[in-house]
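Reader: Before I set anything up with this model, I would like to go through some local details. Please keep the answers short.

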Amino acid sequence: MSSKVSINYGEFPDAGGHFGRYGGRFVPELLMAPLEELAEAYARYREDPRFLAELEADLVHYVGRPSPLYYAQRWSEQLGGARIYLKREDLNHTGAHKINNTMGQALLAARMGKTRLVAETGAGQHGVATATVAARLGLECVIYMGAADVQRQSVNVYRMRLLGAKVIAVEAGTRTLKDALNEAFRDWAANVDDTFYIIGTVAGPHPYPAMVRDFQTVIGHEARRQILEREGRLPDALVACVGGGSNAMGLFHPFLADAGVRLYGVEAGGEGLAGGRHAAPLATGRPGVLHGNRTYLMEDADGQILPTHSISAGLDYPGVGPEHAWLKDVGRAEYVDATDQEALAAFHALTRAEGIMPALESAHALACADRLAREMTPDQIIVANLSGRGDKDINTVAALEGMEL
Amino acid sequence: MNRIERRFAACREHGRKALIPYITGGDPQPDATVPLLQTLVEGGADILEIGIPFSDPMADGQVIQAACERALVHHVNIRRILEMVREFRTDDVHTPVVLMGYLNPIEQMGYAAFAQEAVAAGVDGILCVDLPPEESQFFVEMLQENQLDPIWLIAPTTQAERIRRICEVARGFVYYVSLKGVTGADSLSVSDVAVHVANIRAATRLPVGVGFGIRDAAAAGRIAGVADAVVVGSALVAQIEAHQSEPEVMYAVVREFIADMRRAMDAAAVETALGGER
Ligand SMILES: Cc1ncc(COP(=O)(O)O)c(C=O)c1O
């Protein structure tokens with residue numbers, strides 16, 4: 001690390017959207033102009049005091065920010081090591097961090113004169129968050145969701161429909177999140193004049209990775225202020241799950257320059273990395289190009305994207321945001337995995353110890369926090385991102401335990 | 001002069017517009033590709049476009065995604081497609097072949113190996129759908145070192161300044177995407193296309209091909225009136241899909257489908273020529 005401390009993280013990405021060799025803009029020509037239009041609009045509004053004030057007001061009064069930083073005392077004491085604080089993104093309106101980003105992008109869409117929102121979704125949380133802001137702003141909304149995810153997240157599908165969104169089940173490919181992205185890009189290409197594509201994570205072509213990161217950094221800025229207030233010092237480690245990487249980047253980014261804070265991104269280890277049934281591109285993949293950016297991918301020798309597996313639909317993605325790929329290579333963040341079983345155990349542990357039921361995605365971060373905490377001491381501090389609440393997952397958990405609700 | 005230039009020169013000389021059918025390599029199964037290419041030439045194709053199958057073809061519609069999936073069942077990769085081109089070349093040394101694909105499989109093979117092996121197999125041009133000129137410097141150098149033409153797409157959303165920059169690096173022909181959407185979409189306005197083609201002609205002397213949304217002979221004929229080449233993909237691939245279980249029928253249908261387009265385009269050319277004299 002010592003040779004790398006001179007990196008000025010705030011300077012990334014460059015004008016073309018590159019984080020080192022990662023990121024960029026790899027899309028069909030038809031989308032180049034709309035992406036440039038988006039990049040210009042975003043560059044303008046991110047400095048516009050009226051836009052920022054409106055977003056801030058919505059985050060406070062509609063989303064319910066700031067979210068608490070909760071000391072999970074009982075759980076920490078059971079583990080017998082470091083003290084674990086939970087950043088309660090599960091308490092946001094709609095139950096996950098996703099709305100921080102959809103709120104920002106939807107306000108931008110409205111300012112750009114777009115009347116129709118499209119989005120992809122895996123767990124359905126981003127779809128619900130998009131459908132929610134669409135309802136609030138009176139915009140048409142179409143959500144693409146892999147057919148396999150439509151089945152395992154049926155509650156969220158119904159929520160989106162109640163909110164007035166049209167949910168389209170994608171039957172192509174592996175019928176999961178990556179296929180929903182393909183379909184959302186196609187929709188955008190066909191409807192660029194009136195449509196805004198709200199990508200739900202820090203992936204995709206420039207400017208999405210930087211823009212989604214910026215909207216999500218509210219998590220890290222608050223957490224930094226809150227831990228300084230509570231403990232008078234920065235934490236020793238931050239932990240967050242990584243699907244595309246938006247909740248992790250939102251938490252990590254305001255701490256990148258604090259070399260003493262270790263950053264742990266937790267990928268979905270599925271049934272274990274050895275067997276290939278997982279969703280851990282940073283741990284097992286190679287750099288390649290998918291969905292508009294260069295990043296680590298799960299792919300075969302021919303460059304075909306591999307099917308993924310995770311207990312949690314929101315982590316079931318073969319790529320990862322390009323800034324994470326870069327942070328891995330420069331050594332600023334560490335990427336580990338938690339298996340389905342470990343996540344499930346953490347889901348139960350937190351539910352019973354604290355009365356907080358985490359999303360299965362977030363449970364991956366908790367599984368890692370559990371491991372880390374045991375090797376640390378009570379004078380040390382971990383902040384884990386509780387990216388979402390677990391209500392949406394109770395059917396999955398029940399089914400795994402042989403129950404039908 | 002390379003094969004693509006020679007073919008366009010010959011077309012001009014005979015007052016004919018180039019017909020460029022697209023099929024996905026390895027669809028519906030690997031053994032069918034070379035006979036299909038030969039059938040397309042018999043039907044009246046001038047240039048052949050072969051798609052490299054990709055698991056996540058985001059610029060394509062459902063028809064071509066399904067074709068990719070059929071090919072990928074047989075693990076058709078770039079080297080397998082180059083073998084097909086080599087086999088096709090044993091009987092046909094004149095018809096230009098363009099490979100169309102997505103960046104990731106090419107990048108995993110390696111730009112240099114890809115370009116060298118492609119030219120050795122008898123490929124003439126490369127169209128990489130998700131690689132914009134901004135990210136392509138090294139790739140284009142590799143193609144040029146190996147005398148392969150980089151073919152670029154221009155879209156209805158592409159502004160004049162950008163059209164100029166794309167045309168500077170383009171070789172062979174430029175490919176105008178005739179509608180907003182993906183391959184297989186179905187709204188096409190010939191007068192819009194004519195305006196855009198004129199804008200492109202102001203930036204380059206390269207031939208201009210038009211594709212996306214050309215579904216039948218009538219549309220091919222109309223587009224032939226305003227462009228140098230007509231590209232047909234999804235409509236052809238849909239025929240292959242419909243008849244995949246009966247190969248003999250499939251070849252006959254494909255031959256007739258292309259011959260129909262050929263006739264419509266030739267008729268349109270005659271009309272244009274007569275119109276010009278009047
Ligand atoms: C609760 C929750 N956490 C995490 C994720 C993963 O996304 P990201 O890695 O972008 O935070 C999702 C995605 O659906 C989610 O719903």
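Author: The turns below cover the ligand site, two side chains and some backbone geometry in this predicted model.

Reader: Which residues come nearest to the ligand?

Author: The model is predicted, and totals for linings use all residues. There are 18 residues around the ligand. Those that come nearest are T201(A), G243(A), G245(A), S246(A) and S387(A).

Reader: At what distance is an oxygen atom of the ligand from an N or O atom in the side chain of S246(A)?

Author: Polar contacts with ligand oxygen include one to a polar backbone atom of G243(A), at 2.7 Å. N247(A) offers a polar side-chain atom, also with 2.7 Å to an oxygen atom of the ligand. For the side chain of S246(A), the distance from its N or O atom to a ligand oxygen is 2.7 Å.

Reader: What percentage of the area that the ligand exposes when taken alone does the protein bury?

Author: The space taken by the ligand is the largest cavity. Taken alone, the ligand exposes 390 Å². Of that area, the protein buries 97%.

Reader: Is S310(A) buried or exposed?

Author: S310(A) sits in a loop of chain A, between β12 (292–297) and α13 (322–330). Its relative accessibility is 1%. Buried means under 20%, so with 1% S310(A) counts as buried.

Reader: Which residue has its backbone nitrogen reached by the side chain of S310(A)?

Author: Leaving aside neighbours within four places in sequence, S310(A) is in contact with R152(A), A268(A), L315(A), D316(A), D340(A) and H364(A). The side chain of S310(A) also comes to 3.0 Å from a backbone nitrogen. That nitrogen belongs to S312(A).

Reader: How far apart in space are L107(A) and L137(A), C-alpha to C-alpha?

Author: L107(A) is part of helix α4 (residues 98–111) of chain A, and its relative accessible area of 2% makes it buried. Not counting residues up to four places away in sequence, L107(A) touches F51(A), E54(A), L55(A), D58(A) and L137(A). In sequence, L107(A) and L137(A) are 30 residues apart. From C-alpha to C-alpha, their separation in space is 8.3 Å.

Reader: Which residue does a cis peptide bond join to F12(A)?

Author: The bond in question has omega of about 0 degrees. The partner of F12(A) is a proline in the segment before β1 (18–19) of chain A. That residue is P13(A).

Reader: Where is P66(A) placed in chain A?

Author: The peptide bond from R65(A) to P66(A) is cis, with omega near 0 degrees. As for its place, P66(A) belongs to the loop between α2 (49–63) and β3 (69–71).

Reader: What is phi of H75(B)?

Author: H75(B) lies in the loop of chain B between α3 (62–73) and α4 (78–89). With a relative accessibility of 61%, H75(B) counts as exposed. H75(B) is a residue other than glycine, yet its phi is positive, near 55 degrees.

Reader: Is Q147(B) buried or exposed?

Author: Q147(B) is not a glycine, but has a positive phi of about 55 degrees. Its place is the loop between α7 (137–145) and β5 (149–150) of chain B. A residue is exposed when its relative accessible area is over 50%. At 61%, Q147(B) therefore counts as exposed.

Technical notes: Residues numbered from 1 in each chain as written. Chains lettered and ligands numbered in written order. Predicted model: local features only at pLDDT ≥ 70, side-chain atom pairs only at ≥ 80, totals over all residues. Heavy atoms only, no water. Helix = DSSP H or I, 4+ residues; strand = E, 2+ residues; numbered from the N terminus. Buried < 20%, exposed > 50% of the residue type's maximum accessible area, 1.4 Å probe, protein only. Polar contact = N/O pair within 3.5 Å; in protein donor to acceptor, adjacent residues only side chain to side chain. Contact = heavy atoms within 4.5 Å. Near = heavy atom within 4 Å. Areas by Shrake-Rupley, 256 points an atom, 1.4 Å probe, with all protein chains shown as cover. 1 Å grid on protein atoms, 1.4 Å probe; cavity = no way out; pocket = protein on both sides within 12 Å on 5 of 7 lines; lining within 4 Å. Sits in = over half its atoms within 2 Å of the grid points.
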